[in-house]
Amino acid sequence: MAGKDRFYAMCEEGNGTSYMEVFDYEGNPIARYRTDPVPVLFDVDERNRCIYGYSYEREDCFLKFNL
């Protein structure tokens, strides 16, 4: 997902855990976030510093994570 100043990528480790990495547009890593559950679909609200997502594990709700 591309934001105004950064881009965001969901990554999976070999042991089945996932995390989100944040990079600037020069390719420098900015942050890494672990989420539980892992959002399959997500969008980042940079102004309010949060991630909104959806996970098939919790079909009845949307997820929100503060950055």
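**A salt bridge and a three-stranded sheet**

The structure holds 1 salt bridge. The model is a predicted one. The bridge joins the side chains of Arg-32 and Glu-21, with an N to O distance of 3.4 Å. Arg-32 belongs to strand β3, which spans residues 29-34, and Glu-21 belongs to strand β2, residues 18-24. The pair therefore ties together parts that lie 11 residues apart in sequence. In general, side chains of opposite charge can pair when their charged atoms come close.

The accessibility of each partner was also computed. Arg-32 has a relative accessibility of 46%. This value falls between the cut-offs of 20% and 50%, so Arg-32 counts as partly exposed. Glu-21 has a relative accessibility of 15%. Buried means under 20%, so Glu-21 counts as buried. The salt bridge thus links a partly exposed Arg-32 with a buried Glu-21.

An open sheet is found as well. It has 3 strands, in the order β4-β5-β6, and their pairing is antiparallel. Strands β4 (41-45) and β6 (63-66) stand at the edges. Each has a single partner strand, so one side of each is left without a neighbour in the sheet. On average, neighbouring strands of this sheet are turned by 20 degrees against each other, direction ignored.

The pairing of β4 with β5 can be followed in detail. Strand β5 covers residues 50-54, and its antiparallel pairing with β4 runs over 5 bridges. Leu-41 has Tyr-54 of β5 as its bridge partner.

Notes
Residues are numbered from 1 along each chain as its sequence is written. This is a predicted model: local features need pLDDT of at least 70, side-chain atom pairs count only at pLDDT 80 or more; totals for chains, interfaces and linings use all residues. Side-chain values use heavy atoms; hydrogens and water are left out. Two strands pair if DSSP finds at least two bridges between them. Helices (H or I, at least four residues) and strands (E, at least two) are DSSP runs, numbered from the N terminus. Axes are lines fitted to C-alpha atoms, for helices over the stretch in contact, and angles run from 0 to 180 degrees between N-to-C directions. A salt bridge is a side-chain nitrogen of Lys or Arg within 4 Å of a carboxyl oxygen of Asp or Glu. Buried means under 20% relative accessible area, exposed over 50%, partly exposed in between (1.4 Å probe, protein chains only).
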